[in-house]
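Work through these exercises with the structure open beside you. Try each task before you read its solution.

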Amino acid sequence: QVQLVESGGGLVQAGGSLGLSCAASGIIFSIHNMGWYRQAPGKQRELVATITTGGSTNYADSVKGRFTISRDNAKNTVSLQMTSLKPEDTAAYYCNAFRGVLTIYNYWGQGTQVTVSS
């Protein structure tokens, strides 16, 4: 059974920092691309950052220079370090594991809430 369990969400003041972590089990972690997505109330889920199996990263323009995604294949974890947080970063943050081309394997965590107060 695949499980992605996020942790580290919470309430922080604007300008502050927060770190999220996602622990994966039930998958061969090293062969999955990993990502963080977020969804604010009334809005669609959007990409925040991704990291490939080879360590290449991609970020949404809105978080470039402020967020850093990393992975630890030995611990089966992916992390998101968030700095200079803004109220518009408030959302539920979801961990994602993805692989495949013809056959797609796509898994989601249950989400963790990040609230940035102004």
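Is arginine 38 buried or exposed? The model is predicted, and every exercise below reads from that model.

**Exercise 1. Classify arginine 38 and find its charged partner.**

Step 1. Take the relative accessible area of arginine 38, which is 5%. The cut-off for buried is under 20%. Arginine 38 is therefore buried.

Step 2. Look for a carboxylate at the end of its side chain. Arginine 38 and glutamate 46 meet in a salt bridge, 2.7 Å from N to O.

Step 3. Classify the partner. Glutamate 46 has a relative accessible area of 37%. Partly exposed lies between the limits of 20% and 50%, so glutamate 46 is partly exposed.

**Exercise 2. Go through the salt bridges. How many does the structure hold?**

Step 1. Count them. There are four salt bridges in the structure. The one between arginine 38 and glutamate 46 you have already met.

Step 2. Find lysine 64. Its side chain meets that of aspartate 61 in a salt bridge, at 3.1 Å from N to O. Aspartate 61 has 65% relative accessibility. Exposed means over 50%, so aspartate 61 is exposed.

Step 3. Find aspartate 89. Its side chain meets that of arginine 66 in a salt bridge, at 2.8 Å from N to O. This pair links distant parts of the chain, 23 residues apart. Aspartate 89 is in the loop between β8 and β9 (91-99). Arginine 66 is in the loop between β6 (57-59) and β7. Both aspartate 89 and arginine 66 are buried.

Step 4. Join the pairs. Salt bridges with shared partners tie Arg38, Glu46, Arg66 and Asp89 into one network.

**Exercise 3. Trace the open sheet. In which order do its four strands lie?**

Step 1. Read across the sheet. The order is β1-β3-β8-β7, and the pairing is antiparallel.

Step 2. Mark the edges. They are β1 (3-7) and β7 (67-72), each of which pairs on one side only.

Step 3. Check the turn from strand to strand. Neighbouring strands of this sheet are turned by 15° against each other on average, direction ignored.

Step 4. Inspect β3 and β8. Strand β3 covers residues 18-25 and strand β8 covers residues 77-82. Six bridges join the two, and they run antiparallel. Serine 21 stands opposite serine 79. Cysteine 22 has valine 78 as its bridge partner.

Step 5. Inspect β7 and β8. Six bridges join these antiparallel strands too. Isoleucine 69 has leucine 80 in β8 as its bridge partner.

Step 6. Think about the faces. In a regular strand, side chains alternate between the two faces of the sheet.

**Exercise 4. Examine the hairpin. How many residues lie between β7 and β8?**

Step 1. Count the turn. Four residues lie between β7 and β8 in this hairpin.

Step 2. Look at lysine 75. It sits in the loop between β7 and β8. Its relative accessible area is 62%. That is why lysine 75 counts as exposed.

Step 3. Compare a distance in sequence with one in space. Lysine 75 and tyrosine 105 are 30 residues apart in sequence, and their C-alpha atoms are 21 Å apart.

Step 4. Look at asparagine 76 in the turn. It is not a glycine, but its phi is positive, about 55°. With 24% relative accessibility, asparagine 76 is partly exposed.

Step 5. Move on to serine 84, in the loop between β8 and β9. Serine 84 is not a glycine either, and its phi is positive, about 45°. At 40% relative accessibility, serine 84 is partly exposed.

**Exercise 5. Describe the aromatic contacts. Which residues form the aromatic pair?**

Step 1. Search for pairs. The whole structure has one aromatic pair. Tyrosine 37 and tryptophan 108 form this pair, 5.0 Å centre to centre.

Step 2. Name the geometry. The angle between the planes is 70°. Over 60 degrees counts as edge-to-face, so the pair is edge-to-face.

Step 3. Place the partners. Tyrosine 37 is in strand β4 (residues 33-39), and tryptophan 108 is in strand β10 (residues 105-108). They are 71 residues apart.

Step 4. Classify tryptophan 108. Its relative accessible area is 35%, so tryptophan 108 is partly exposed.

Step 5. Add the charge. The charged end of arginine 45 sits over the ring of tryptophan 108, 4.6 Å from its centre. The charged end of arginine 45 also sits over the ring of tyrosine 94, 3.8 Å from the centre of that ring.

Technical notes
Residues are numbered from 1 along each chain as its sequence is written. This is a predicted model: local features need pLDDT of at least 70, side-chain atom pairs count only at pLDDT 80 or more; totals for chains, interfaces and linings use all residues. Side-chain values use heavy atoms; hydrogens and water are left out. Two strands pair if DSSP finds at least two bridges between them. Axes are lines fitted to C-alpha atoms, for helices over the stretch in contact, and angles run from 0 to 180 degrees between N-to-C directions. Buried means under 20% relative accessible area, exposed over 50%, partly exposed in between (1.4 Å probe, protein chains only). Rings of Phe, Tyr and Trp (its six-membered ring) pair if their centres lie within 6.5 Å; planes under 30 degrees apart count as stacked, over 60 as edge-to-face and the rest as tilted. A charge sits over a ring if NZ of Lys or CZ of Arg is within 6 Å of the ring centre and within 35 degrees of the ring normal.
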